[in-house]
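Let's take a walk through this one together. Pull up the model and follow along.

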Amino acid sequence: MVKQESESANRPDNTAFTQQRLPAWQPILSAGIVIPGFVLIGLAFIGIGVALFVTSKSIQELEFDYTGYSNESPCSSCAQSVVANCKCSLNFTLTTLLQGPVFFYYGLSNYFQNYRRYGASKDDNQLYGDLSYFTSPSSSCSPYDYDSSKKPIVPCGSIANSMFNDTFTLTWTVNGKTNNVSLDGKGIAWWTDYNVKYRNPNVTPLKNAFNGTVKPINWAKPAYELDASDPSNNGFVNQDFLVWMRRAALPNFRKLYRRIDASGDYKNGLPAGNYTVDITYNYPVRAFNGVKKIVFSNVSWMGGRNEFLGIAYLVIGSLCVVMSVVMLIVYAKFKFPDEE
Amino acid sequence: VDCQLNLYFSKKSFFKCALHSCYSSLVLFFIPYAAMYDTVRDDGKDIADYQSFALLTQTCLLFAVSIQMSYWTAVNTIFVLGSLVMYFAVTFTMYSNGMFTILPSAFPFIGTARNSLNQPNVWLTIFLTSILCVLPVITNRFLMIQLCPTINDKAKATPAPPTQRARIRRTSSRRSGYAFSHAQGYGDLVTSGRFLRRPALTRSSGFTHVGRTTTSFSPMGRSAGYSPTGRPQNNKVPNVEVTSLQMYRTITDSAP
């Protein structure tokens, strides 16, 4: 190339950076790297998969559908009646100890908490205790922001309005005696939800903050009576309310209801025996073919029982090993013609 | 102009690209979906909620696209790693208590990052998703290299002659080729007129440079140019900027 004098002042410097001549590392897919790499990845995945699968299998889980669609189901009478606070009972037997800590969940199916309009229908400012939003809820809550007499609804919105209101108690029958299993409702919601995101308005008594407002249409009691016996669980920081407000991503979901209190007979979990769950059936799901369930489960380091991750890792690990063998064959077959 | 006449659209490339995109999209959604189905945190609390699921999916996406780089320069690496760091920094900031306190309605995701990204099964899901997005690409490329190698691949496959490596020991010579005050310079090249045939290529990517035509002259071999000292010609590579990582080889393409 002919030498050129730099004539214009705008000519960029002749450095590697400006002339885009930086040294670059490019992964060259040679057989010596790819094939052992795949084998390594495959073996690592298989190892992780085995660990996950074994852990998942060791989690004990019991699930009971109590919607009452079929006539043999214990709650079928409640499902068909429209009376409030209908009571029904569900019996089950544990053959072995259910290792603690045991968690008691309620599950819903075909319930789309991830629907966009539903999910947007709440007022975070109201739930943060901002009293100015008590008198004028955000318009995103409509049509659940004002009732028919134009009074503001607190807490407004569809998510709050649709709060799950079935209640459960658990009893254990052994030797003819029926013992009540105590359920712990503290700390079932996220710490950040309870301590930061949701706050009660700074008014004592709490009832006065709700003057001039009405409770959501589907609620039996107003927010300040969600747990009148415990002020730290009343109002917007009620744990059940917080658990419900953390809306689920998928149409079939579970939400934590209570923890089995690990004291007395239940120190190690739920002992074997006959159990009865007394259900107060309030929540209507038949209109949209929803299903209600209760679930007893313990947890491990990977959370609840989910075999997918273990199986996925095993499958991908095996595929990697198989692919590495295939690539080795391809490489070996095509290498020799080239060398001639 | 060729582009206006739609001469360069390759249906095959488009189809391959579309297939890869469809596959990645399905993986990026359904792996987190299946991993989060009916799952809870390791302390029994909720993890399959809308916000955690969204965070998981977008983190999987970030990792999947960060890994799929074809070549890594220093600048590239800094920016990719930097953007990952920025992503986590911004996420944790946006989901922090402070931001929520300032404007509650604008930061509804408060606490999500803290509560979901400390779960091992979330990170295992992210790891699985990113690897699953990347592995088919690598497999495909490797098999293509073996079964239908292009001229680039053949160049990379032949090992560099050792004499060249011994000579090129520049530490940071990204100077222009003009500063050869201590070497014999381009005199013989200029007089032989060879420089007019070869265009200068200044891009550096990877370890190889392949000649454009099959009639490339070999700068490493004996040139027919004038060599005053009678010694073997220095392997200065004329009219291409020399860096310590570029090596020249002559590649012949058997197929026309």
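A good place to start is a single residue pair: Trp172(A) has Asn179(A), in β7(A), as its bridge partner. Keep in mind that what you're looking at is a predicted model. Zoom out a little from that pair, and you'll see strand β6 of chain A, residues 167-174, running antiparallel to β7(A), with five bridges between them.

Those two strands belong to something wider. In general, the strands of a sheet are held together by backbone hydrogen bonds, in either a parallel or an antiparallel arrangement. Here we have an open sheet of four strands in chain A, ordered β3-β11-β6-β7, and the pairing is antiparallel. At the edges sit β3 (86-94) and β7 (177-181) of chain A, each of which pairs on one side only. Going from one strand to the next, the twist averages 25°.

Now over to the helices, where two chains meet. Helix α1 of chain A (residues 31-57) and helix α6 of chain B (residues 120-147) have axes that come within 12 Å and cross at roughly 150°. Anything over 145 degrees counts as roughly antiparallel, so that's the label for α1(A) and α6(B). As for handedness, α1(A) passes α6(B) in a left-handed crossing.

Who's doing the touching? From α1(A), the contact includes Phe38(A), Ile41(A), Phe45(A) and Ile48(A), while α6(B) brings, among others, Phe127(B), Ile131(B), Leu135(B), Thr139(B) and Phe142(B). Sort the contact residues of α1(A) and α6(B) by character and you get 15 nonpolar, one polar and no charged.

How values were computed:
Residues numbered from 1 in each chain as written. Chains lettered and ligands numbered in written order. Predicted model: local features only at pLDDT ≥ 70, side-chain atom pairs only at ≥ 80, totals over all residues. Heavy atoms only, no water. Pairing = 2+ DSSP bridges. Axes fitted to C-alpha atoms, helices over the stretch in contact; angles between N-to-C directions. Parallel < 35°, antiparallel > 145°, perpendicular 65-115°, else oblique. Left-handed = near helix turned anticlockwise from the far one by under 90°. Contact = heavy atoms within 4.5 Å. Nonpolar A, V, L, I, M, F, W, Y, C, P; charged D, E, K, R; others polar.
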